[in-house]
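Here is a small set of exercises to work through with a viewer open. Try each task before you read its solution.

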Amino acid sequence: MNWNQAVQVIAGAAVVLLAGNFPSAAQGIPQPTPASPVTASPDPASIAREARGWLADLIKINTSNPPGNENLAAMYVSNLLQREGIKAEILDVGPGRSAVVARLRSSVVPDPSKALLLVAHMDVVPVDKARWTVDPFNAVVRDGYMYGRGAIDDKGMLAANLAVFIHLKRTNAHLNRDVIFLATADEEGSGDASIRTLIAKYWDKFAAGFAINEGGNVFIKNGKVQYIGVQASEKVAVNVAVIARGTSGHASQPTKDNPIVHLAAAVGKIGAYSAPVHFTAIVRRYFEGIAPLEDDEIAKWIRSMDTPDRGEHAQRVVSDASPLWNAMLRDTIAPTVLSAGVANNVIPAEARANLNIRLLPGDSITTLMNDLNKLVNDPAVKLEIQPNAGLAAPPSSLESDFYNLICRVATREFGGAPALPFQSTWLTDSAQLRLHNVQAYGLVPFPLSDDDLKRMHGDDERIPMVSFDKGLDVMTKIVTEFAVTRY
Ligand SMILES: [Zn+2]
């Protein structure tokens with residue numbers, strides 16, 4: 001623990017100690033704007049206005065991970081729910097870090113196999129403040145967008161989930177299954193405070209048969225929704241160290257075993273390598289669905305990817321057309337960190353690189369490591385799998401009632417655009433849920449353009465306010481049609 005971390009731990013502990021004694025406003029935690037009889041309305045337009053305010057408040061609570069400090073956001077969320085008369089529980093997952101769970105019951109005896117879980121994470125990735133045109137933690141509204149770290153990933157969804165949950169409570173909805181709200185910590189770090197710990201310590205508090213989470217998107221192309229990608233599976237992250245060793249010595253007398261030279265050659269070969277294409281069932285269905293939406297030329301190549309004569313060429317054309325498509329088709333390897341050298345005039349004894357590998361679910365890291373070792377073919381270079389490798393989860397079913405309902409509602413609400421099964425190249429909390437038999441689906445319900453999507457994890461992250469309102473409305477319909485009994 002360095003000094004900064006120590007200060008954060010102390011600050012976090014102080015918040016916990018203070019929480020029992022003082023109203024949290026005294027600690028600088030933004031308080032939910034009190035609901036007046038006018039705003040505390042079951043009317044969807046009114047709750048959308050309130051939800052914009054909650055999103056702004058959440059953006060203003062800096063939960064950059066590391067260190068996360070989700071405690072502050074957890075207290076905000078729990079205060080908001082309590083004010084609506086919903087019992088919310090803060091779950092401790094580490095110093096300064098917590099999750100929030102709340103439940104709306106359908107009956108006295110819960111049936112976890114039927115329950116629906118609404119999931120969003122409270123932490124955000126760090127910012128490079130100098131590259132932003134606005135304060136990333138001030139929820140600036142400009143030209144119809146709300147700017148801020150987390151506006152899309154994932155505080156937008158967190159605010160929408162809160163709004164849907166509160167709407168069910170205010171309307172006294174007659175539920176046919178329990179609906180559970182869960183706000184998680186450390187999603188971006190996948191570390192000790194992540195959903196893994198939450199499941200290990202508190203599974204009974206949110207066990208569910210179905211979940212909706214981030215992971216899929218409503219993709220806008222040329223100003224209209226092109227398709228809705230409903231995430232049912234995701235790739236698996238593994239970090240591998242490339243380590244070259246040699247003899248350290250005087251830089252005035254170079255030797256052939258300089259580890260920097262060996263490492264650079266190995267990274268060069270790995271960087272130029274493209275792993276073979278493997279179609280998972282979901283990716284196959286995705287490409288069948290996307291082909292008719294693309295122009296004739298690329299559609300022709302998409303349809304040829306699995307043919308014996310033109311398949312290999314077609315796979316290359318499709319992969320070159322889109323980094324997303326490339327990564328959906330194969331294991332990918334991205335060198336992300338290089339470290340070597342202690343002084344300009346010293347040959348070091350060791351040089352290292354990190355490879356961030358994303359495996360298709362079902363592919364094995366051992367097979368890929370064998371291929372890479374053959375490719376590098378250098379006894380001075382070793383590859384080592386790093387701790388905390390991800391686990392492949394089984395995909396969620398594409399036949400479940402919930403999957404069909406999400407697709408039906410989304411297509412209806414987004415002007416007839418098709419809903420396609422989606423295997424994300426990025427990680428979400430859903431993999432851990434799927435490993436616990438939850439049929440988890442990913443859909444950030446806000447229509448977003450490529451330009452908007454690129455800003456998440458980047459600079460000037462923002463959400464179009466009309467997309468936020470529309471997404472909130474669609475999410476309300478999905479949850480209502482799945483969990484509320486109609487008369
Ligand atoms: Zn996220």
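The exercises below go from model confidence to the metal site, the salt bridges and the packing.

**Exercise 1. Judge the confidence of the model.**
Task: Find the mean pLDDT of the protein chain and the share of residues that reach 70 or more.

Solution:
- Start from the fact that this is a predicted model.
- The protein chain has a mean pLDDT of 92, and 91% of its residues reach 70 or more.
- Then look at residues 1-26, where pLDDT stays under 50. For this stretch the model has 20 contacts beyond four places in sequence.

**Exercise 2. Describe the zinc site.**
Task: List the protein donors of the zinc ion and decide whether the site is regular or irregular.

Solution:
- Begin with the atoms: His-121 gives NE2, Asp-153 gives an OD atom, and Glu-214 appears twice, each time with an OE atom. These donors lie 1.9 to 2.7 Å from the zinc ion.
- Next, check the angles. The four donor atoms give angles of 52 to 150°. A tetrahedral site would need all angles between 85 and 135 degrees, and the site is classed as irregular.
- Along the chain, the donors follow the spacing H-x31-D-x60-E.
- Now place two of them. Asp-153 sits in the loop between strand 5 (145-147) and helix 4, while Glu-214 belongs to strand 7 (residues 210-221), so the pair ties together parts that are 61 residues apart in sequence.
- Finally, test burial, for which the cut-off is under 20% relative accessible area. Asp-153 is buried because its relative accessibility is 6%, and Glu-214 is buried too, with 8%.

**Exercise 3. Follow one residue that touches a zinc donor.**
Task: Where is Asp-429 found, and which residues are in contact with it beyond four places in sequence?

Solution:
- Asp-429 is in the loop between strand 15 (419-424) and helix 13 (430-434).
- With 5% relative accessibility, Asp-429 counts as buried.
- Its contacts beyond four places in sequence are Val-119, His-121, Thr-184, Glu-187, Ile-195 and Asn-213. One of these, His-121, is also a donor of the zinc ion.
- For a C-alpha distance, take Ser-190: the two residues are 239 places apart in sequence but 8.5 Å apart in space.

**Exercise 4. Compare salt bridges.**
Task: For the salt bridges of Arg-103, Glu-350 and Asp-451, name each partner and the N to O distance.

Solution:
- The count of salt bridges comes to 25.
- Arg-103 pairs with Asp-178, and their closest N and O atoms are 2.9 Å apart. Arg-103 is in strand 2 (residues 97-104) and Asp-178 in the loop between helix 4 and strand 6 (179-184), a separation of 75 residues. Arg-103 is partly exposed at 22%, whereas Asp-178 is buried at 2%.
- Glu-350 meets Arg-245 at 3.1 Å, N to O. Glu-350 belongs to strand 13 (residues 350-359) and Arg-245 to strand 9 (residues 236-245), so this pair ties together parts that are 105 residues apart in sequence. Both are partly exposed: Glu-350 has 30% and Arg-245 has 44%.
- Asp-451 pairs with Arg-462 at 3.3 Å between the closest N and O atoms. Helix 14 (residues 450-455) holds Asp-451 and strand 17 (residues 462-464) holds Arg-462, so the parts tied together are 11 residues apart in sequence. Asp-451 is partly exposed at 38%, whereas Arg-462 is buried at 10%.
- Shared partners also join Arg-412, Glu-413, Lys-470, Asp-473, Lys-477 and Glu-481 into one network of salt bridges.

**Exercise 5. Map the nonpolar packing.**
Task: Which residues touch the most other members of the largest nonpolar core, and which helix gives the most to it?

Solution:
- The largest nonpolar core has 97 residues, of which Leu-81, Ile-228 and Phe-287 touch the most other members.
- Helix 4 (residues 155-170) gives the most to this core, with 10 residues.
- A second, separate core has 22 residues, including Ala-244, Leu-263, Leu-359 and Leu-372.
- Zoom in on Ile-228: beyond four places in sequence, the residues it touches include Asn-217, Val-218, Phe-414 and Leu-443.
- To finish, select helix 8 (residues 296-304), whose buried residues are Ile-298, Ala-299, Trp-301, Ile-302 and Ser-304. Their cover includes helix 7 (281-290), helix 9 (311-321) and helix 10 (323-329).

Definitions and conventions. Residues numbered from 1 in each chain as written. Predicted model: local features only at pLDDT ≥ 70, side-chain atom pairs only at ≥ 80, totals over all residues. Heavy atoms only, no water. Core = buried A, V, L, I, M, F, W, Y, C linked by side-chain atoms within 4.5 Å. Buried < 20%, exposed > 50% of the residue type's maximum accessible area, 1.4 Å probe, protein only. Helix = DSSP H or I, 4+ residues; strand = E, 2+ residues; numbered from the N terminus. Contact = heavy atoms within 4.5 Å. Donors = N, O, S within 2.8 Å, 3.2 Å for Na, K, Ca; no water. Tetrahedral: all angles 85-135°; square planar, octahedral: opposite > 155°, others 65-115°. Salt bridge = Lys/Arg side-chain N within 4 Å of Asp/Glu carboxyl O. pLDDT = per-residue confidence, 0-100.
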